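Colleague: I am new to this one, so could you walk me through it? I would like to hear what stands behind each label you use.

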Amino acid sequence: MTGDHRTNLIQIGLGPWGTDWATKILPRLPDAHVTGWVDASPDARTAFVAATGADPGTVFATVEEALEATGAVAAIAPVAIGAHVAVARQVLQAGAHLLLEKPFALDAATARELADLAAERGLVFGIDQNYRIFPGVPIVRELLERGAVGTIRRVSLEWHRIHQGVRDSNALIELAIHHFDLMRHLFGREGVAITCVPVTPVRSAQDRTPGASLIVELDGGITIDYVLSSQGVDAQTPWPGVWRISGDDGLLRWGAAPDDHRAVSITDGDGNVTPVEVPELPLFERAGVLRAFIDAVAGTGAPTSPAADNARSVAMLEAALTSARTGERTRVERW
Ligand SMILES: NC(=O)c1ccc[n+]([C@@H]2O[C@H](COP(=O)([O-])OP(=O)(O)OC[C@H]3O[C@@H](n4cnc5c(N)ncnc54)[C@H](O)[C@@H]3O)[C@@H](O)[C@H]2O)c1
């Protein structure tokens, strides 16, 4: 579907990422029609109006005011992480469809409860897990599905970028959620257990840490060595990371430093490297996520990461946070 009629939306969260959504992503989908903008902070509202030229009469302090004034049927929410759960509850209870930024929640029970609330009310509820919409993703998934490297023996994932937003945050919450979700998506397997050694102590979700070393176990005996790093001199990986998937018949690589997310190749047992063609996607990352959400609201298809599915990625984040706190290998909750 190309979107031939407009969907009336509100956007909740007008900080740096919300401004980026408004100026770079929304203009690409003219049928995603935002009629109200919401932020709890007066300073953020003022800065947003200055940055985007939004009509101040369309900018609100609360979700309720915005929904009532605009009659919007759906919300996109690039809102502060600490507000995700409360905002999700508010929007869904008000009967509006929701596209929420990652991480959906910090524990699987809350994620499930909110996904159930949306299901009970017949609402579309998607999570912006936008790394799924990189052009390499469907290619790598397809190669793995058809067993291109044979029985998988070893997997490593490295992410390294000097990025202030990540360095000054809890990198597990900000970033690892993307990689946990990609692990599930690429291999089509669920998390079993996670052992996480953060760079600095993480006793609660409020503690920051610039990175971590993790061992991630998936169903079927797949173990991933995963390094998440925002310090030290090294070449920048692309945002989805550099993946090496080694099997009996070959080595599949996806991503290369510096910053090449389209590099995919297979190396055979004799060392011959075959590059794999990676076509562009019609809509890249967030624009693709938003397209699928708008279409789902209009009754066609499903969001790229339905909340009910994403709850299983949240379960992996929860296990990583527990392991970071306790120092123990931690089972991923399953249901
Ligand atoms: N998908 C990605 O690749 C990606 C990249 C960057 C950021 N993000 C996500 O985007 C979101 C926003 O990021 P940011 O850096 O702009 O965050 P931020 O912490 O600056 O917060 C954004 C805004 O939320 C507002 N806010 C807080 N509580 C609110 C509430 N209850 N109601 C309304 N507004 C409220 C704040 O006033 C702030 O202006 C986060 O969830 C972050 O994880 C995603």
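Colleague: Are Phe 180 and Tyr 226 buried or exposed?

Modeller: Both Phe 180 and Tyr 226 are buried. That word stands for under 20% relative accessible area, with exposed being over 50% and partly exposed in between (1.4 Å probe, protein chains only). Please keep in mind that this is a predicted model, where local features need pLDDT of at least 70 and side-chain atom pairs pLDDT 80 or more, while totals for chains, interfaces and linings use all residues. Residues are numbered from 1 along each chain as its sequence is written, and side-chain values use heavy atoms, leaving out hydrogens and water.

Colleague: How many aromatic pairs does the structure hold?

Modeller: It holds seven aromatic pairs. One of them joins Phe 134 and Phe 284, 4.9 Å centre to centre with 75° between the planes. The two rings come from distant parts of the chain, 150 residues apart: Phe 134 is in the loop between strand 6 (125–128) and helix 6 (136–145), and Phe 284 is in the loop between strand 14 (273–275) and helix 9 (285–297). Helices (H or I, at least four residues) and strands (E, at least two) are DSSP runs, numbered from the N terminus.

Colleague: Why is Phe 134 called buried, and why does Phe 284 count as partly exposed?

Modeller: Phe 134 has a relative accessible area of 4%, under the 20% limit, so it is buried. Phe 284 is at 30%, in between the 20% and 50% limits, and therefore counts as partly exposed.

Colleague: Then what makes the pair of Phe 180 and Tyr 226 edge-to-face?

Modeller: Their ring centres are 6.0 Å apart and their planes stand at 80°. Rings of Phe, Tyr and Trp (its six-membered ring) pair if their centres lie within 6.5 Å; planes under 30 degrees apart are stacked, over 60 edge-to-face, and the rest tilted. Both values meet those limits, so the pair is edge-to-face. Phe 180 is in helix 8 (residues 171–187) and Tyr 226 in strand 10 (residues 222–229), 46 residues apart.

Colleague: Which residue of helix 8 is His 185's neighbour in space, or rather, which residues does His 185 touch?

Modeller: Leaving aside residues up to four places away in sequence, His 185 touches Arg 132, Val 137 and Arg 141; contact means heavy atoms within 4.5 Å. His 185 is found in helix 8, and at 15% relative accessible area it is buried, because 15% is under 20%.

Colleague: How do you know that the span of helix 5 agrees with what it should be?

Modeller: The expected span is 1.5 Å times one less than the number of residues. For the 13 residues of helix 5 (residues 108–120) that is 18 Å, and the end C-alpha atoms are 18 Å apart, so the two agree.

Colleague: Which residues are buried in helix 5, and what do they pack against?

Modeller: Ala 108, Thr 110, Ala 111, Leu 114, Ala 115, Leu 117 and Ala 118 are buried. They pack against helix 4 (84–93), strand 6 and helix 10 (307–326). Ala 109, also in helix 5, is partly exposed because its relative accessibility is 44%.

Colleague: What sits over the ring of Trp 335?

Modeller: The charged end of Arg 112 does, 4.3 Å from the ring centre. The label asks for NZ of Lys or CZ of Arg within 6 Å of the ring centre and within 35 degrees of the ring normal. Likewise, the charged end of Arg 286 sits over the ring of Trp 17, 3.9 Å from its centre.
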